[in-house]
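Let's take a walk through a protein fold together. Have the structure open beside you and turn it as you read.

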Amino acid sequence: MSDNAISQWPDVDAVEKDLDRLVHTPIRRLSDEILAEYHAWYEANAAGSKATFEEAQRYIPGGVQHNLALNDPWALDIVKAEGAHLWDVDGNRYIDFLQAGGPTVLGSNYAPVREEITQLIADCGPVTGMLHAYEVKLAKLIHDFMPNVQKFRMLGSGTEGVMAAVRAARAYTGKSHVIKVGGAYHGWSDQVVFGLRIPGTGSLEAAGIPAGALQLTQEVAPGDLDELRAKLAANAGNGGTAAVFVEPIGPESGAHLVRHGFNAQVRELCDEFGALLVFDEVVTGFRLGMGGAQGYFGVKPDLTVFGKCVAGGYPAAGGIGGSDEVMNVFAGGLTAAGKRALVGGTLSANPMSCAAGYHTLLEMDRTNAPAIAGRAGDRLRAGLSALIARYDLPYVVYNVGSVVHLHTSGVLHLSIHDPEFFTELGPRKDMLGQMSMAFSAEGVVTLAGSRLYTSMADTDEVIDDALARFDRVFARV
Ligand SMILES: Cc1ncc(COP(=O)(O)O)c(C=O)c1O
C-alpha cells in the first residue's frame, strides 16, 4: 500500500498555547482601506461572477447552494478546473486549496478517472437501478485498504452515512444515546446538528429541529476523556450509549486537534461501556492514506463513515462500513433475517459514483497521492509559519498531512464560557470572510479563509506561488 500523508503529528500543547494567545490578543485584520482596495479588485476583474451571483440571489437561497462557495463580496463563478487551478468566468486563475471541500486529492478533474467515467456513461449511462460490478469492486477495494470494513454500504453523502451509522448503532446495540465531540461536524441530519464548530454551543444552530430529535444526542468537550467516561457511566443506567462518534483527527477536520493517543483511549472506553466507536472518515478517509485515519492511528472503529474521496469528487459520495455482524442490520431483500435497519436511496450506489470511487482510489494508491499531497501540506505550513513570524502576526498554522489549518482570528477557539464570547464572535467571524476575500483577490481559493487542502497537483512551484500570494496579504495587515 502507498504511504500515509502525515510526516509528523503536530505538537498539540504548543498549538493549544498559541491558539489561547490568539483568542486573547486583539484581532489583527486588514484595514478598511485595504479591504476597499480588494473590493475594487473584484469590481474591476470579476464582473462576470458578479452578474451570475446577482441572478443566483433571486433564485437560490443566499445565492449559493453550499457554504463552501461563499465568498465576499460575491461568489466566484468557476468555469474550468484542472490540477491545482480553477478559472472563473472572467478568466482569472486561482490556486485551489478548497478542493471542492476535500475529495480531489489527485487534483481537480483528473483525466485518467474522467476517461473511465466517460466510458461507463457511454456504456450504460449513470444509473440503471440494477447491480453493477463496480459496486462490488469498490466495496472490495475499500476492504483491501481498510480491513476493518468487511462490508460496505454505498450512500449518497457523508450526511447519509452518519444517519445510517446512528441507526445501525442503535439497531445493533439496542442502546439509545449517541455522544459526539463538541465542535465536530457530522453533516446536517437532525440528530447531529449539535455543538457545531464551537464546542459547548449545543443546539444553537438547530433551528427547525424539534428538541426531541436531539434528546439522545450528547456532546463532550474535545479531548476530555473524563467527561466522556462520566457521560457513558451516567447513560449506562438510562438507556445506554449506542455509539461514540469522532472525527479521528479532531473536530472540524482537526481545527480542534486531538492528542495522538485520544482515539485509542476512546476505543477502550467504548469497549468498557459496550458502545460502538464510529470513525467519521468523510474527510480523512483516503486523504490521509489509503488506510484512513484508522490505519494511521492503528485503532479499530466498529463503523466507519465515508464521503468525499469515496466517489473521487464525483456526485453521490457517501457510505458506511464495518464488521459483517454490525453491517448485516442493513441486509435488504425479502429473505434477510433478524434486525432490519432501512437505508438507501434511488441513486445510492449508482455505477457512476462507484466507478469514480474505484478508479480514484486505485489511482491514489498507484501514484502515492496521499503522501505527495501531505508533503505539499508540509511545505505550505512551513512557508505560512515563516510569513507569520516575519510579519509578527498572532496567527496559528499547523497541518495534518494535506489538511492545513490557518487560524487568523481564532473564532473557532472562543470559549462559550467567556463573558466576552458574543462580543468577540461577530468581528472574529467577519475577519475570516475578509481574509478569504483578500486571498481570492490575490489568486488563492481557501475553505472559509482558514482551511487549505493540498493535493497531488500541488508541486513545489505551486506552493511557492501560493506563498508569494499569501505574503502580499500578510504584508498589508
Ligand atoms: C467530518 C464530516 N462528516 C460529515 C460530513 C458531511 O458530508 P456531506 O457533505 O457529504 O453530507 C462532512 C462534510 O464536510 C464532514 O466534514
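The paragraphs below go from the domains to the sheets, then to the cores and a few single residues.

First, some ground rules: this is a predicted model, so local features need pLDDT of at least 70 and side-chain atom pairs count only at pLDDT 80 or more, while totals for chains, interfaces and linings use all residues. Residues are numbered from 1 along each chain as its sequence is written, and side-chain values use heavy atoms, with hydrogens and water left out.

Start with the big picture. The domain assignment gives domain 1 (12-109 + 368-474) and domain 2 (128-349); such bounds come from an automatic or database domain assignment. Taken over C-alpha atoms, the centres of domain 1 and domain 2 are 28 Å apart. Where they touch, 27 residues of domain 1 and 24 residues of domain 2 take part, with contact meaning heavy atoms within 4.5 Å.

Now look for the strands. Helices (H or I, at least four residues) and strands (E, at least two) are DSSP runs, numbered from the N terminus, and two strands pair if DSSP finds at least two bridges between them. What holds such strands together? Strands of a sheet pair through backbone hydrogen bonds, and they can do so parallel or antiparallel.

One open sheet is built from seven strands, in the order E4-E10-E9-E8-E7-E5-E6, with mixed pairing. Strand E4 (151-155) and strand E6 (217-220) are at the edges with a single partner strand each, so each has one side without a neighbour in the sheet. From one strand to the next, the twist averages 20 degrees; axes here are lines fitted to C-alpha atoms, for helices over the stretch in contact, and angles run from 0 to 180 degrees between N-to-C directions. Within this sheet, strand E8 (residues 276-280) pairs with strand E9 (residues 303-307) in the parallel sense, over three bridges. You can spot aspartate 280 opposite valine 305 in E9.

Helices lie against these strands too. Helix H9 (residues 262-273) packs on the sheet, where it touches E7 and E8, and its direction makes about 150 degrees with that of E8. Helix H6 (residues 158-173) lies across E4, E5, E7, E8, E9 and E10, and runs at about 165 degrees to E9.

Next comes an open sheet of three strands, E11-E12-E14, with antiparallel pairing. Its edge strands are E11 (396-400) and E14 (451-453), each pairing on one side only. The twist from strand to strand averages 15 degrees. Strand E12 (residues 403-407) is joined to E14 by three bridges, and valine 404 stands opposite leucine 452 in E14. Helix H13 (residues 369-390) lies across E11, E12 and E14, at about 170 degrees to E11.

For some hairpins, go back to the earlier strands. Strand E1 (residues 78-82) and strand E2 (residues 85-88) run antiparallel and are joined by four bridges. They form a hairpin with two residues between them, and glycine 83 in the turn has a positive phi of about 60 degrees. E2 then forms a hairpin with E3, this time with four residues between them; here glycine 91 in the turn has a positive phi of about 90 degrees. Tryptophan 87 stands opposite arginine 93 in E3.

What fills the inside? The largest nonpolar core has 80 residues, and Trp9, Phe97, Leu380, Leu384, Phe470 and Phe474 have the most contacts inside it. A nonpolar core is a set of buried Ala, Val, Leu, Ile, Met, Phe, Trp, Tyr and Cys residues joined through side-chain atoms within 4.5 Å. Helix H15 (residues 460-474) gives the most to this core, with seven residues. Both domain 1 and domain 2 give residues to this core, so it lies between them. Leaving aside neighbours within four places in sequence, leucine 380 is in contact with residues including Phe97, Val404 and Phe470.

Finally, how many disulfides does the structure hold? It holds zero, a disulfide being a pair of cysteine sulfur atoms within 2.5 Å. Take cysteine 309: its sulfur is 15 Å from the closest cysteine sulfur, in cysteine 354, so it is too far for a bond. Cysteine 309 is also buried, with a relative accessible area of 0%. Buried means under 20% relative accessible area, exposed over 50%, and partly exposed in between (1.4 Å probe, protein chains only). Aspartate 224, in the loop between E6 and helix H7 (225-236), is partly exposed at 30%.
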